[in-house]
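This briefing looks at charged side-chain pairs and at one part of the surface. The structure is shown first, and the notes follow it.

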Amino acid sequence: REGRREPTPRGSRQSPTRVSKRRVRVASEYAPDGSRSRTWSIPRGAEFSEENISSADDAGDGAAFRAPASTLTRWFARMFLPEDYPNSVSDDYAAFQAWDTAQGLCSYVRGSLTTKALLEGVGVGATGATAASAAAQFIARDMCGMVGGLVFTLAKGRHLDAEAKQWRLFADLANNVGMAMELAAPLANDRGWFLALACAGSVARSLCGCAAGATRAALTQHFARARNAADIAAKEGSQETAVTLVGMTLGVAVTTTTDGKTAWQWAVFVALTVAHVYCNVRAVRSLVIDSLNRERVRRLLARYDETLDEPSARGSDKVSAENSPRGLAKDEALLPVGMNWMLWPWYRYRGAREVRSVHLGAPVGSATREETIDLLRRLRDDGPADSASGHRPWGGRKYALASSRAHARRRRTRVVLRVDAATADQLEAYVHAALVSCAISKRNGDRIVARSEAEADDWMRRHYDAFIATIAGWGWDT
């Protein structure tokens with residue numbers, strides 16, 4: 001019966017189960033991993049007193065509800081796995097960490113080759129090289145990397161949370177490019193291109209550091225199911241350290257073996273790079289994130305529209321599975337918008353595209369004078385009601401759209417948000433803007449644009465609440 005009990009926290013509990021023919025168990029003490037660590041018992045039929053109570057370390061027996069682990073195994077689990085694993089993490093944690101560990105190992109082995117190449121490039125082992133010259137080149141290289149990281153953060157920092165999967169893969173591809181440049185830098189030393197390649201490689205690896213660090217924080221929040229983000233981050237650091245030690249050991253062996261053999265170095269580097277990309281793609285594909293971003297909203301809109309003629313099909317098991325976070329993750333974009341060409345010809349993205357960029361949170365002054373006045377009217381709570389129906393098309397909404405022939409030339413739909421617009425209002429605003437963008441992309445002229453806005457507004461009134469309820473039923477966090 002004990003074999004079917006749930007794990008309990010460290011402590012004691014009453015248990016009348018017999019320990020032997022002569023003694024009866026009074027209480028059992030359990031470790032955090034669920035294994036029984038100590039047993040308290042008294043002689044059978046004896047009086048319950050201090051003299052008769054005894055305790056003994058319990059190595060576990062067939063009555064334990066979980067197979068006991070050895071001390072080393074428990075230490076290993078506490079060092080590398082979050083507390084109460086797997087209950088405290090999301091279902092995709094183990095798969096992602098396994099592939100992430102494999103790709104990290106490939107990176108550290110290649111890192112030994114690139115380090116050796118850079119040292120050769122600055123003149124280590126050469127007669128005419130000086131320490132000051134080598135230091136100056138390394139400083140210039142590091143400075144270029146820092147500037148590149150600052151520019152990347154300025155340009156893309158706000159996108160890293162919503163597209164954590166895509167930017168995580170981008171970071172590792174940038175790391176591959178940077179490593180290839182650093183490995184090739186000594187080959188161009190005779191032509192004076194060493195420093196340029198080394199600096200370019202440093203910039204690429206700096207992009208990797210910024211994107212990987214930021215997306216790792218977002219993924220840690222995704223994995224944490226028991227408010228244990230700090231514990232998960234600490235165990236991630238332990239895993240990274242262990243992989244680094246193994247990778248450095250293998251890297252030293254590879255560097256020593258291929259010393260002076262440029263062709264072999266490149267063969268090993270290319271093979272490990274292919275393995276690195278494969279492991280990263282598998283790691284990204286294993287992530288099942290239930291939060292919404294622009295791409296997911298567009299794809300869910302398209303799939304919801306397919307069910308408008310058959311509303312009963314939305315709740316079917318097949319449709320729910322296909323449109324659930326796990327179903328959508330199978331063919332989600334691997335890289336951010338506009339960057340999927342980096343994996344050509346092995347991968348071609350066939351999902352929904354933003355036919356016209358949507359500027360969510362655009363300033364009012366970005367529109368024309370006439371549109372600015374119209375936007376201000378629309379954003380008022382007491383906007384004018386329709387004379388026939390009494391409906392206030394914009395009253396109460398906390399956003400407004402700006403689209404016209406002038407904006408069509410720049411292929412941009414602007415969304416102006418009120419200062420009190422919450423997350424739900426921003427989601428509603430983007431859905432509305434996506435509908436308008438799709439309509440504008442197929443038409444031209446002010447009259448057609450106005451009609452497209454009217455159609456989108458009608459869709460929002462009739463279907464938006466049902467759309468949100470439907471995707472919530474599919475498993476999305478709305």
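Arg461 and Asp457 are joined by a salt bridge in which the closest N and O atoms are 2.5 Å apart, and this is read from a predicted model. The structure holds 20 salt bridges, among them the pairs described below, which are grouped by where they are found.

**Pairs within helix H14**

- Arg461 and Asp457 both belong to helix H14, which covers residues 446-473, and because they are 4 residues apart, about one helical turn separates them.
- The two partners are not equally covered, since Arg461 is partly exposed with a relative accessible area of 42%, whereas Asp457, at 9% relative accessibility, counts as buried, the cut-off for that class being under 20%.
- Arg461 also forms a salt bridge with Asp458, and here the closest N and O atoms are 3.6 Å apart, which falls within the 4 Å limit used for such a pair.
- Asp458 and Arg461 are 3 residues apart in helix H14, which again amounts to about one turn of the helix, and Asp458 counts as partly exposed at 28% relative accessibility.

**A network of shared partners**

- Asp100, Arg168, Asp172, Arg216 and Glu236 are joined into one network by salt bridges that share partners.

**A pair between helices H4 and H5**

- A salt bridge brings together the side chains of Arg205 and Glu182, with a distance of 3.0 Å from N to O.
- Arg205 lies in helix H5 (residues 194-223) and Glu182 in helix H4 (residues 164-184), so this pair ties together parts that are 23 residues apart in sequence.
- Glu182 counts as buried at 1% relative accessibility, while Arg205, at 28% relative accessibility, counts as partly exposed.
- As general background to these contacts, side chains of opposite charge can pair when their charged atoms come close.

**A nonpolar surface patch**

- Which residues make the nonpolar surface patch of about 290 Å²? The patch is made by Trp40, Phe48 and Ile53.
- Ile53 is found in the loop that lies between strand E3 (36-43) and strand E4 (54-57), and with a relative accessible area of 30% Ile53 is partly exposed.

Conventions:
Residues are numbered from 1 along each chain as its sequence is written. This is a predicted model: local features need pLDDT of at least 70, side-chain atom pairs count only at pLDDT 80 or more; totals for chains, interfaces and linings use all residues. Side-chain values use heavy atoms; hydrogens and water are left out. Patches are made of residues with over 30% relative accessible area and no salt bridge: like charges are joined within 9 Å, nonpolar side chains (Val, Leu, Ile, Met, Phe, Trp, Tyr) within 5 Å. Accessible areas come from the Shrake-Rupley method with a 1.4 Å probe; for residues, only the protein chains shown count as cover. Helices (H or I, at least four residues) and strands (E, at least two) are DSSP runs, numbered from the N terminus. Buried means under 20% relative accessible area, exposed over 50%, partly exposed in between (1.4 Å probe, protein chains only).
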